[in-house]
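I opened this one to see how the sheet is put together and which charged side chains meet. Here are my notes, in the order I looked things up.

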Amino acid sequence: MRLVLLGPPGAGKGTQAEKLSAYLGVPRISTGDILRRNVTDNTPLGEKAKAYMDSGQLVPDDLVITMTERRLKEPDAKKGFILDGFPRNIAQAEALSKLTKLDAVVSLFLEPEDLIKRNTGRRVCPKDDTVYHILMNPPKKPGICDKCGTPLIIRADDREDVVRMIEEIFLRTIEALKA
Ligand code: ADP
């Protein structure tokens, strides 16, 4: 099964992608996770991507497309995949359509104000990328990862002003796609 999940940040793509990945037995490929791992590991890609990510901007297409292309060629993706966070714009969608065929594209929708609430309550574990929400999915001990005990952080791109800017860009992109 080759699936793409679309939706604004905070719609729950990551959570649904994890569930589908376990259910279908195919890997979840999150471009956000791969990029964050590169930033943590200080790779050349991470160094180039960091400033864009911290300010909520998209990482340039050539970097993200090459990275995704490589990931899709790995053996575990042969039987299928769930793409989470890619494509994010038309150039990426066109590149993807040249790379592989898809079985389905699922687009998640949420009201803009609900998205703001969800994003600003998000807390993540910097070590294993587990995602929590202070109201909807709190860790057992406040501020601590259930799985590995690491103190949770707020991602730089989850600050309310950045979230609002990202939502606006997303809504404008959807409007442009409809036109
Ligand atoms: P969220 O969980 O907020 O939707 P992600 O974890 O998918 O965000 O991505 C975090 C950041 O990584 C994005 O703000 C962006 O800078 C970068 N990123 C992830 N996927 C892409 C992509 N397909 N194209 C460009 N940048 C991306």
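**Entry 1: the sheet**

I began in the middle of a strand and found Leu5 standing opposite Val106 in E4. This is a predicted model, where local features need pLDDT of at least 70, side-chain atom pairs count only at pLDDT 80 or more, and totals for chains, interfaces and linings use all residues. Residues are numbered from 1 along each chain as its sequence is written, and side-chain values use heavy atoms, with hydrogens and water left out.

For the labels, I took helices (H or I, at least four residues) and strands (E, at least two) as DSSP runs, numbered from the N terminus. I called two strands paired if DSSP finds at least two bridges between them.

Strand E1 covers residues 2-6 and pairs with E4 in the parallel sense over four bridges. I looked up Leu3 next: its opposite residue in E4 is Ala104, and in E3 it is Ile82. The pairing of E1 with strand E3 (residues 81-84) is also parallel, over four bridges.

I then asked myself in what order the four strands form the sheet. The order is E2-E3-E1-E4, in an open sheet with parallel pairing. Strand E2 (28-30) and strand E4 (104-107) stand at the edges with a single partner strand each, so one side of each has no neighbour in the sheet. From one strand to the next, the twist averages 20° (axes are lines fitted to C-alpha atoms, for helices over the stretch in contact, and angles run from 0 to 180 degrees between N-to-C directions).

**Entry 2: salt bridges**

I used the usual kind of cut-off: a side-chain nitrogen of Lys or Arg within 4 Å of a carboxyl oxygen of Asp or Glu. The structure holds 11 salt bridges, and I noted a few.

Arg2 and Asp103 meet through their side chains at 3.7 Å, N to O. Arg2 sits in strand E1 and Asp103 in the loop between H5 and E4, so this pair ties together parts 101 residues apart in sequence. For burial I kept to these classes: buried is under 20% relative accessible area, exposed is over 50%, and partly exposed is in between (1.4 Å probe, protein chains only). Arg2 is partly exposed at 32%, and Asp103 is partly exposed at 46%.

Arg159 forms a salt bridge with Asp161, with the closest N and O atoms 3.0 Å apart. Both partners are partly exposed, Arg159 at 43% and Asp161 at 49%. Elsewhere, salt bridges that share partners join Glu18, Arg28, Asp33, Arg36 and Asp84 into one network.

**Entry 3: helix H2**

Within that network I checked Asp33 and Arg36, whose side chains meet at 2.9 Å, N to O. Both lie in helix H2 (residues 31-40), three residues apart, about one turn of the helix. Arg36 is partly exposed, at 23%.

Which residues of H2 are buried? I listed Thr31, Gly32, Asp33, Leu35 and Asn38. Their cover includes E2, helix H3 (44-54), helix H4 (61-72) and E3; contact here means heavy atoms within 4.5 Å. Just after H2, Asn42 takes a positive phi of about 55°.

**Entry 4: two loop residues**

Arg155 lies in the loop between strand E6 (131-133) and helix H7 (160-178). Buried or exposed, I wondered about Arg155? Arg155 is buried, with a relative accessible area of 16%. Leaving out residues up to four places away in sequence, Arg155 touches Arg36, Arg122 and Val124.

Thr100 lies in the loop between helix H5 (90-99) and E4. Thr100 is buried too, at 18%. With the same sequence neighbours left out, Thr100 touches Arg2, Leu72 and Phe81. Thr100 and Thr43 are 57 residues apart in sequence and 27 Å apart in space, C-alpha to C-alpha.

**Entry 5: a surface patch**

Met1, Tyr23 and Leu24 make a nonpolar surface patch of about 350 Å². My patch rule takes residues with over 30% relative accessible area and no salt bridge, joining like charges within 9 Å and nonpolar side chains (Val, Leu, Ile, Met, Phe, Trp, Tyr) within 5 Å. The areas come from the Shrake-Rupley method with a 1.4 Å probe; for residues, only the protein chains shown count as cover. Leu24 is found in helix H1 (residues 13-24) and is partly exposed, at 32%.
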